[in-house]
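Colleague: Could you take me through the model shown here, one question at a time?

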Amino acid sequence: MEELQDASIHHMTAKVIAAIKNTKCYEPIYEELQRLVASPSVDKNDMRNTLEDAIKAAGLETEIRNMIYNLVRSRLEKLDVSDTRQTSTSKATQSDPLGYLKRAGVLWDRRVRKSLNAMCGELKVPLHGQPRISADREDFVAKWNELSNYNMDLSNYRPVYAPKDLLEVLLSLKGPARTTESTDQIPQWEFSHIALPVKNLFELRTHYADLLRSDHYTVPDQCQRILDSRHAPMCQQYLKKGCTPAPYRGALWASVLDSKLHDYDIEYWQKLRNVVWTTDHIVDKLVFKDIQLTASNDDQYFVFEDVLYQVLLCFSRDTDIANCVDYEQFPVKGKTYEGPPSGVVPFHGICMFAAPFCYLYDSPVCLYYTFRAFYIRYCHRLTTINTHPQGIVSLCLLFEKLLQTYEPQLWSHFRELQIQPLRVVFKWLMRGFSGHLPPDQLLVLWDLILGFDSLEILPLFAIIILSFRKESIMQVASLDSIEAILADLSSIKVLPLVQLALSRD
Amino acid sequence: MFGHVRVYSGGGGGGGGGDAAVCCTPEWTPSWRIASLQPTIEQSVAIMYGRLPGAGNANNGGAGANQAHDRIKIGFCTDLDKSVLVNNFEKRGWHQVNGDDDWHFYWAGVQTCRNIFSVDSGYRMHDNQMINHFPNHYELSRKDLLVKNIKRYRKDLERDGNPLAEKTESNNSSGTRYVYLDFVPTTFVLPADYNMFVEEYRKFPLSTWIMKPCGKSQGAGIFLINKLSKLKKWSREAKGPFHPQIAKESYVISRYIDNPLLIGGKKFDLRLYVLVASFRPLKAYLFKQGFCRFCTVKYDTSVTELDNMYVHLTNVSVQKHGGEYNTLHGGKWSVQNLALYLEGTRGKEVTDRLFGAISWLIVHSLRAVAPVMASDRHCFECYGYDIIIDNALKPWLVEVNASPSLTSTTVNDRILKYKLIDNILSVVLPPDGVPDVRWNKVPSADALGNFELLIDEELAAQDEAQNSSNNSHAKSSKLNSRWK
């Protein structure tokens with residue numbers, strides 16, 4: 001047994017070391033280590049102990065710990081999945097009960113890219129972009145800090161897709177059961193038949209148990225001390241309270257998301273910016289269009305319009321994103337289409353994922369890396385069809401099951417009206433409530449996403465709002481009226497409502 | 001340096017004291033007390049419809065109150081046909097009357113107000129009437145008089161040896177400036193103070209100045225000057241035969257705040273609503289839902305942009321004509337969002353200090369005019385304070401408007417202004433909703449709505465008396481900086 005454990009630790013260590021070597025921070029840390037080895041404090045006769053002490057004294061230990069923590073959290077998990085996937089793809093894909101879902105994911109991604117390609121064809125612009133002509137480049141560079149004044153004709157550009165397009169696809173998902181069972185056994189307007197495991201309220205209560213713990217010993221400088229310790233897990237734990245002081249939020253999020261700035265990050269940002277300056281890409285137009293349609297008209301975010309242009313333009317050129325996001329893989333015949341460099345096709349409202357970060361960071365670079373990390377960890381799951389337990393399909397399913405179980409009255413009300421309940425809340429889920437909750441409350445909700453490392457708070461919170469406005473909803477009988485009741489969330493306070501929902505019997 | 005402000009204001013630590021002052025039981029007349037403790041059906045109906053004392057008991061509230069339940073509706077009158085006003089009045093069951101009829105509540109324009117209070121009109125208001133302006137509000141709202149009053153206030157304090165009037169060496173000139181009362185940009189009245197202006201100008205030859213006509217509002221007639229020759233040229237032309245109106249008008253010229261705080265690269269100013277229920281004793285409230293007004297164009301101090309007023313002026317009436325004006329948000333961003341942004345990016349301490357300094361600025365601008373204001377008990381007034389924040393997070397008072405716009409530019413704007421009027425009414429009216437000059441003007445905590453108490457000298461004096469008898473620290477005033 002012990003041998004086995006030993007072996008598994010060695011196996012793990014080997015994987016971690018291999019992963020570390022592939023990260024950007026490996027080289028600076030290695031150099032720092034070399035410097036330490038050569039320093040007088042390290043004694044070659046007692047190399048092990050003195051080097052360890054030196055590493056601790058230089059604060060390198062915390063950095064390495066955080067690095068391993070984040071690696072184990074994200075990349076290794078992904079490696080494991082792909083390991084098992086490789087073995088399973090050799091088997092017949094038909095036997096995978098979720099095969100149809102994965103297939104749908106690949107098809108959705110293809111459809112989105114195909115639309116982008118079609119748009120390029122229609123407008124006669126190359127998908128790979130083209131060098132900016134020098135006059136345009138000069139104009140663009142000169143207006144980099146005020147891109148709202150950069151003029152271009154966007155009348156022919158439309159968002160590639162909007163939340164309701166994805167919703168329609170989700171609602172039309174057909175499981176393999178469909179073909180054999182008689183169709184009237186499965187209602188047309190729900191999709192609870194999908195065989196993905198989701199938590200029930202009891203399990204959610206366990207998951208969010210820390211939210212109900214009332215610790216009254218909050219020391220005023222506790223937050224600062226946690227930040228000083230630089231331990232990512234401690235920062236994450238602090239966010240679970242749901243009452244993060246605004247001045248510390250930016251640093252805490254960066255710590256949890258491992259997005260603190262390094263020199264190479266700044267260089268990389270400048271590189272991305274130069275690519276934007278020199279090449280003209282169709283996604284630029286889509287980014288401009290999206291910001292103009294959403295953030296620029298939003299009274300919470302319009303002041304940050306120019307920052308958002310910079311961030312999202314660089315985002316579109318960032319090839320690291322394509323490497324970090326794990327897309328659903330399933331063998332599907334047919335043509336494949338290329339996407340933008342980042343692999344992310346802008347959709348209607350994508351800038352709302354970045355907008356809340358404007359309240360956290362003054363500098364676009366800091367904003368960029370934390371937003372990017374948040375996108376890679378969470379947001380992309382909301383716009384792709386995937387089998388991940390936090391993917392949009394699972395979240396929708398969780399929403400439906402919670403509504404059925406805990407608000408049966410509302411459920412049957414929706415059913416009588418022949419309204420899919422999901423229609424009412426889907427835009428909240430897909431945008432993570434950004435643009436729907438006022439910023440101060442939205443940031444609390446996102447604190448909880450990061451603190452509990454889960455998007456499951458989104459469907460839970462959607463249920464909470466429906467439940468909170470139940471009486472009004474019960475009195476109306478049309479989708480429009482229900483949407484009108486739910487349109488204004490400015491009076492909603494996140495923390496007390498979530499706590500109430502989790503604590504009541 | 002702002003840290004010291006607290007010492008005098010009792011701001012941070014005094015918050016609790018402020019609450020206590022709001023809640024402490026005021027000296028109700030017996031009738032008020034009875035009415036509030038033992039509501040009968042008749043009284044409830046009376047409250048619903050409004051109550052007026054009978055003819056014979058105007059001087060004796062105590063005896064009269066019991067007979068005072070004639071179901072007389074409250075008549076309102078308004079010069080402004082704004083829905084945010086009329087909807088609020090009608091919601092309270094008031095009915096509209098003409099100015100010649102017997103009205104109880106008048107939302108008047110400044111001209112009407114002047115007529116009502118003029119000696120010639122011979123109009124005498126009775127105890128159950130209320131009007132939304134003080135007769136000489138211009139002491140605060142006219143740019144030249146505001147500056148004159150503040151200058152006098154500072155001199156008076158200085159003469160009395162008040163620590164508030166402490167001065168320090170100015171860091172960029174040979175002159176001195178006030179440590180705590182330096183909240184208006186250096187300003188001169190033209191043509192009267194022309195020589196003083198030139199003297200000041202010579203000290204900072206590279207500075208930019210802003211010229212504003214004293215009596216106009218909404219950005220009319222404003223221009224920037226960065227060369228003395230331009231001013232001379234203007235003054236020559238003004239004396240010429242083609243501009244007789246300019247010659248009559250006086251202007252103020254103020255040091256232009258050329259280092260404003262920029263957010264998203266854009267300049268903005270704050271519009272805050274301040275309600276004054278009384279000047280002597282001073283009772284003032286700050287509406288928590290102010291907003292920032294953004295310029296549509298990037299801030300740029302280059303000379304070529306000096307004449308582009310879209311860059312410099314944040315007035316909605318100016319910005320509306322810019323090509324980039326957005327009708328969905330109207331360039332308005334809530335003060336709550338400003339606070340969230342500043343706390344997130346600059347820290348809590350500086351943010352609190354900024355908002356504390358803003359409350360401080362408002363209170364002292366009001367104190368500066370209080371001695372000259374005709375503090376008529378029939379009057380209250382809601383002022384629109386325009387404040388610019390510089391990049392060191394220091395607020396500067398730009399001007400005060402006695403008739404802030406009640407036009408709604410966006411849906412949210414409408415909601416905000418509706419709430420503003422609703423809250424104003426509930427603060428200035430006694431608990432039973434009938435205008436009454438004999439009421440002590442101490443609204444309950446509930447009645448405040450989105451207003452927070454800035455200062456109530458009467459309650460502060462009571463507190464002080466109480467505190468000194470308890471042998472504890474006396475506080476000179478109450479300032480509150482809770483904005484959320």
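The questions and answers below treat one chain, then two sheets, then a contact between chains.

Modeller: This is a predicted model, in which local features need pLDDT of at least 70 and side-chain atom pairs count only at pLDDT 80 or more, while totals for chains, interfaces and linings use all residues. Residues are numbered from 1 along each chain as its sequence is written, and chains are lettered from A and ligands numbered from 1 in the order in which they are written.

Colleague: What radius of gyration does chain A have, and what would a compact globule have?

Modeller: The radius of gyration is taken over C-alpha atoms, and the globule rule is 2.2 Å times the number of residues to the power 0.38. For 505 residues, a compact globule would have a value near 23 Å, and chain A agrees with this at 24 Å.

Colleague: What percentage of the residues in chain A is buried?

Modeller: A residue is buried if 20 or more other C-beta atoms, placed from the backbone, lie within 10 Å of its own; it is exposed if 12 or fewer do, and partly exposed in between. Of the 505 residues in chain A, the buried ones make up 36%.

Colleague: How many helices and strands are there in chain A?

Modeller: Helices (H or I, at least four residues) and strands (E, at least two) are DSSP runs, numbered from the N terminus. Chain A has 26 helices and two strands.

Colleague: How far apart are the centres of domain 1 and domain 2 of chain A?

Modeller: Domain bounds come from an automatic or database domain assignment. In chain A this gives domain 1 (2-91), domain 2 (96-142 + 154-179 + 265-377) and domain 3 (196-211 + 384-505). Taken over C-alpha atoms, the centres of domain 1 and domain 2 of chain A are separated by 33 Å.

Colleague: Which strands stand at the edges of the parallel sheet in chain B, and why?

Modeller: Two strands pair if DSSP finds at least two bridges between them. The open sheet of four parallel-paired strands in chain B has the order β2-β1-β3-β4. One side of each edge strand is left without a neighbour in the sheet, because each has a single partner strand; these are β2 (95-96) and β4 (130-131) of chain B.

Colleague: Which residue of β4(B) stands opposite B:Phe105?

Modeller: Strand β3 (residues 105-107) of chain B pairs with β4(B) in the parallel sense over two bridges. Opposite B:Phe105, in β4(B), stands B:Met130.

Colleague: In the antiparallel sheet of chain B, which residues are the bridge partners of B:Met211 in β10(B) and in β9(B)?

Modeller: The four strands of this open sheet follow the order β7-β10-β8-β9. Strand β8 (residues 209-213) of chain B pairs with strand β10 (residues 251-255) of chain B over five bridges, and β8(B) is joined to β9(B) by three. The partner of B:Met211 in β10(B) is B:Ile253, and in β9(B) it is B:Phe223.

Colleague: Which element gives the largest share of the side of chain B that touches chain A?

Modeller: Two residues are in contact if their C-beta atoms, placed from the backbone, lie within 7 Å. The contact takes 25 residues from chain A and 21 residues from chain B. Both β15 (332-334) and α15 (335-346) of chain B supply at least two residues of that side. The largest share, seven residues, comes from α15(B).
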